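Work through these exercises with the model open. Try each task before reading its solution.

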Amino acid sequence: MTKTVVTQDINDVAPRQEGAPLSVQERVSPTASEDRFVSVWKEVFRRNDINVNDNFFSIGGDPMIAVEIASRLSQHGISVKISDILIYRTIEKIASHQEVETVKVPVKNKKKPSETRIAPMEKWFFEQHFENPHHYNQSFAFALKRPVDKAMLEEAFRKLLLYHDGLRVGYDESKGTTAVQPEHTMTNFALDEFVFEDHLSLVLEENIDQAATLSKWKGQFDLAKNILMKAAIVKVRHGGSYLLVTAHQLLMDNTSWQIFIKDLYSVYHSLEVGKRPRLLKGTASATTLHDEGSACVESAPDYWEVVHNTPFSIPLDFDTPDWRSGNACRVIGYLEAGPTKFLLGDAHQRYHTTVLVVLNVSLALTLSEWTGADTVVIEQEDSGRHICGMDFSRTIGWLSTLYPLRLALHGESLGQLIESLKAQVDSVPHCDLSYGLQHFQSHTDNESFERSEVRLKYLGALSSDFNNELFDFQPGGELGDVDKENHMTTKLEFLTMVIDGQLLVEIVYNAKAHECKTIERLRKGFFRNLNRVLHHLQTGRS
């Protein structure tokens, strides 16, 4: 079957010896249909030695990168399922399942606003019963590399709000559902402005007054009334200008942000040069995932029952009933550029691991050393987009899901341990969706969710995902994202991302439950184990 990509006018394996590298057949020259795949993989992985038999996971691929590849291929008129990338893994095998035609046809957006059923993460959110559910955001900051036309940037935002239905979602309290709000199509989008005298301290929270200003600004959403996105130009008198964009978590997950920022730049650039903005047609709606996903996901109650019955807890320095977000503190560490580059690429040749598998192995070792447990449970936050053969590569919404990952540390050597933990990660039913659809949706309104012990979240390579000739991603835009009275949903969060070629690890903890020196020891232990794992993956030695 020939697949046509449509652009949209937005105005309208065998046993082997432990440690032995996996063999790879070398067929370097791609066929005509594979040539574009190779080109896109080179762009995404930032390496020139890609060939059609390279294994997606062995060169650093993960589900978020699969979404990025599918999105970029669609820009070249090639429709590929995210699931095909994850299943077939090599360009040769993926491309053999595609018959493509690079035809672009402008069409009108005929999608109608529709009510949606509460999604797993939305169910999770509302069952938390936060003190202030209106103030639970996700934000990103970008240094502006050159001056921008404010009115033109506002127009770019407005066009995207009209184009992406997911950006106009609100909450209908009377029906208990989220829905696209028709009245939001009539709302003008205005950029706010802030002028600060001091350095823009988005990361270190050095300026208390500035932090309070941004937190107040981010806390002005009303789930039932407002468009749940806003942006501001932040000017520092002697430090340049920044674009700060915030959205309520109900609107956006991390992949949605990648889609939105790229679209924002594309539309703004088109307006700037006097061209009519055009974007690729949107992919399957979030409603499709929630409505059809449950039908194609096999039930796995026995698996999740074993996970839930696994005892695991982290030690606390102080017993406290106070888990408000205002108590949250952070310890930050970086992996040097050389090891980070290896982690993102060649580290996975030996065992066909992924970045997320390596991070989980390192964290599991660290938690086992800290707690004395030989089985740990680490809550995962996953993209939630690689399921049932459906294409969500350009869908904006909160599609990510949370699920507990049970890891039993078995193996006489580090290599055996890595292989064992990788197999346990691979054995999770549908990675996450089966848990979200079955567990969260089965809860009744009077049930509450327990606070998880440890959560791991990998955001990918943010600077490469977001940066262009106008925007330069800046860490720390999350300052003031959550009302200080809202409770923390996990006791310990490992937030990981790659920024400017280095892996950043941010450990968020409750200062009423842990001393900083405890978390600092944990940070050192994590990086020690991460470097130990990377050394083995590189040399085969423990």
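The exercises below cover sheets first, then helix packing.

This is a predicted model, in which local features need pLDDT of at least 70, side-chain atom pairs count only at pLDDT 80 or more, and totals for chains, interfaces and linings use all residues. Residues are numbered from 1 along each chain as its sequence is written, and side-chain values use heavy atoms, with hydrogens and water left out.

**Exercise 1. Describe the hairpin of strand 6 and strand 7.**

Step 1. Locate the strands. Helices (H or I, at least four residues) and strands (E, at least two) are DSSP runs, numbered from the N terminus. Strand 6 covers residues 169-172 and strand 7 covers residues 177-180.

Step 2. Check the pairing. Two strands pair if DSSP finds at least two bridges between them. Here 4 bridges join the antiparallel strands. Tyr171 faces Thr178 of strand 7.

Step 3. Inspect the turn. There are 4 residues between the strands, and Gly176 has a positive phi near 70°.

**Exercise 2. Trace the open sheet of 5 strands and find its edges.**

Step 1. Read the order. The strands run 8-9-10-5-16, with mixed pairing.

Step 2. Find the edges. Strand 8 (192-196) and strand 16 (471-474) each have a single partner strand, so one side of each lacks a neighbour in the sheet.

Step 3. Note the twist. On average, neighbouring strands are turned by 30° against each other, direction ignored. Axes are lines fitted to C-alpha atoms, for helices over the stretch in contact, and angles run from 0 to 180 degrees between N-to-C directions.

Step 4. Take one pair. Strand 5 (residues 137-144) and strand 10 (residues 240-248) are antiparallel over 7 bridges. Ala143 sits opposite Tyr242 in strand 10.

Step 5. Add the helix. Helix 8 (residues 254-272) packs on this sheet and touches strand 5, strand 9 (229-236), strand 10 and strand 16. Its direction makes about 35° with that of strand 5. Contact means heavy atoms within 4.5 Å.

**Exercise 3. Do the tracing again for the open sheet of 6 strands.**

Step 1. The order is 12-18-17-15-13-14, and the pairing is mixed.

Step 2. Strand 12 (328-335) and strand 14 (401-408) are the edge strands, each pairing on one side only.

Step 3. Neighbouring strands are turned by 25° against each other on average, direction ignored.

Step 4. Strand 13 (residues 375-382) pairs with strand 14 in the antiparallel sense over 8 bridges. Glu379 has Pro404 as its bridge partner in strand 14.

**Exercise 4. Work out how helix 11 packs against helix 16.**

Step 1. Take the geometry. Helix 11 (residues 337-344) meets helix 16 (residues 516-539) at an angle of about 60°, with their axes 11 Å apart.

Step 2. Classify the angle. Helix 11 is therefore oblique to helix 16. Angles under 35 degrees count as roughly parallel, over 145 as roughly antiparallel, 65 to 115 as roughly perpendicular and the rest as oblique.

Step 3. List the contact. Pro339, Phe342 and Leu343 of helix 11 meet Asn531, Leu534, Leu537 and Gln538 of helix 16.

Step 4. Sort by class. The contact has 5 nonpolar, 2 polar and no charged residues. Ala, Val, Leu, Ile, Met, Phe, Trp, Tyr, Cys and Pro count as nonpolar, Asp, Glu, Lys and Arg as charged, and the others, Gly among them, as polar.

**Exercise 5. Which residues join helix 13 to helix 16?**

Step 1. The two helices pack at about 100°, with their axes 10 Å apart. Helix 13 is therefore roughly perpendicular to helix 16.

Step 2. Leu414, Gly415 and Ile418 of helix 13 touch Arg532, Val533, His536 and Leu537 of helix 16.
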